[in-house]
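Please look through the chain shown here before reading on. The notes are numbered so that each can be checked against the picture.

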Amino acid sequence: PPQNISRKMMGGHSAPKTDAEGLESILAHQGIIEDHLGATFTSFEPIHYTTQVVAGTNLQAKIKVDGDDHVHAKIFIPLPHTGEAASVTAASTGHSLEDGFHF
């Protein structure tokens, strides 16, 4: 059998991504993340994110906010034909840069 084949877990989240386009797209969700948490941040800097394709896309994001605090947010982005808006399904504060996602 072939050796060294990289296998992707079906239905799982991607590896962390840091591309500029993806990080910028997280900025568009700042308002719904703040609403979900009942907070307003003066600093909001996406660090990395993962994606999971379902009937839409689940996006998990790590965001550096005020001071050294980090927010973990899980956002569901529905398929375009539904006409539905993105929604925050989970979010929490009080994380460090090194903390992994735990939803």
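The points below go from the whole chain to the sheet, and then to single residues.

1. Confidence. This is a predicted model. The pLDDT of the protein chain averages 90, and 90% of the residues score at least 70. Residues 4-9 need caution when you read the picture: pLDDT stays under 50 there, and the model has zero contacts for them beyond four places in sequence.

2. Overall make-up. The protein chain has two helices and four strands. Along the sequence they follow the pattern α-α-β-β-β-β. The C-alpha trace spans about 55 × 35 × 25 Å along its principal axes.

3. Burial and surface. The protein chain has 103 residues, and 32% of them count as buried. Its accessible surface comes to about 6,500 Å², with 54% belonging to carbon and sulfur atoms. On contacts, take the pairs of residues at least 6 apart in sequence: 46% of these contacts join residues at least 24 apart.

4. The sheet. In what order do the four strands lie in the open sheet? The order is S1-S2-S3-S4, and the pairing is antiparallel. S1 and S4 (87-95) are the edge strands, each of which pairs on one side only. On average, neighbouring strands of this sheet are turned by 15° against each other, ignoring direction.

5. S1 with S2. Ten is the number to look for here: S1 and S2 (residues 56-65) pair in the antiparallel sense over 10 bridges. The hairpin that joins S1 to S2 does so through one residue. Two facing pairs can be picked out, Glu45 opposite Lys64 in S2 and Thr50 opposite Gln60 in S2.

6. S2 with S3. Nine bridges join S2 to S3, and the two strands run antiparallel. Gln60, already met opposite Thr50, also stands opposite Lys74 in S3. Gly56 stands opposite Pro78 in S3. The hairpin of S2 and S3 has four residues between the strands, and in it Gly67 takes a positive phi near 65°.

7. Burial of S2. Why is S2 described as largely enclosed by the rest of the structure? Eight of its 10 residues are buried, so the strand is largely enclosed.

8. S3 with S4. S3 and S4 pair in the antiparallel sense over six bridges. One of the residues to check is His70, whose bridge partner in S4 is His95.

9. The helices. Helix H1 (residues 20-27) lies across S1 and S2 and runs at about 100° to S1. Helix H2 (residues 30-37) lies across S1, S2, S3 (70-78) and S4, and runs at about 70° to S4.

10. Thr50. This residue is in strand S1 (residues 44-54). Is Thr50 buried or exposed? Thr50 counts as buried because its relative accessible area is 4%, while the cut-off for buried is under 20%. Its side chain makes a polar contact of 3.1 Å with the side chain of His13. With neighbours within four places in sequence left aside, Thr50 is in contact with His13, Ser14, Ala15, Pro16, Asn58, Leu59, Gln60 and Phe101. In that list, His13 is the polar partner and Gln60 is the residue opposite in S2.

11. Phe41. Where does Phe41 lie? Phe41 is in the loop between H2 and S1. With a relative accessible area of 10%, Phe41 is buried too. Not counting residues up to four places away in sequence, Phe41 touches Gln30, Glu34, Val65, Asp66, Val71 and Thr93. Gly31 is 10 residues away from Phe41 along the chain, and their C-alpha atoms are separated by 9.7 Å.

12. What to trace again. Start at edge strand S1 and cross to edge strand S4, following the order S1-S2-S3-S4. On the way, find Thr50 opposite Gln60, and then Gln60 opposite Lys74 in S3. Next, locate H2, which lies across S1, S2, S3 and S4, and the loop between H2 and S1 that holds Phe41. Leave residues 4-9 out of any reading of detail, as pLDDT stays under 50 over them.

Notes:
Residues numbered from 1 in each chain as written. Predicted model: local features only at pLDDT ≥ 70, side-chain atom pairs only at ≥ 80, totals over all residues. Heavy atoms only, no water. pLDDT = per-residue confidence, 0-100. Contact = heavy atoms within 4.5 Å. Buried < 20%, exposed > 50% of the residue type's maximum accessible area, 1.4 Å probe, protein only. Polar contact = N/O pair within 3.5 Å; in protein donor to acceptor, adjacent residues only side chain to side chain. Pairing = 2+ DSSP bridges. Axes fitted to C-alpha atoms, helices over the stretch in contact; angles between N-to-C directions. Areas by Shrake-Rupley, 256 points an atom, 1.4 Å probe, with all protein chains shown as cover.
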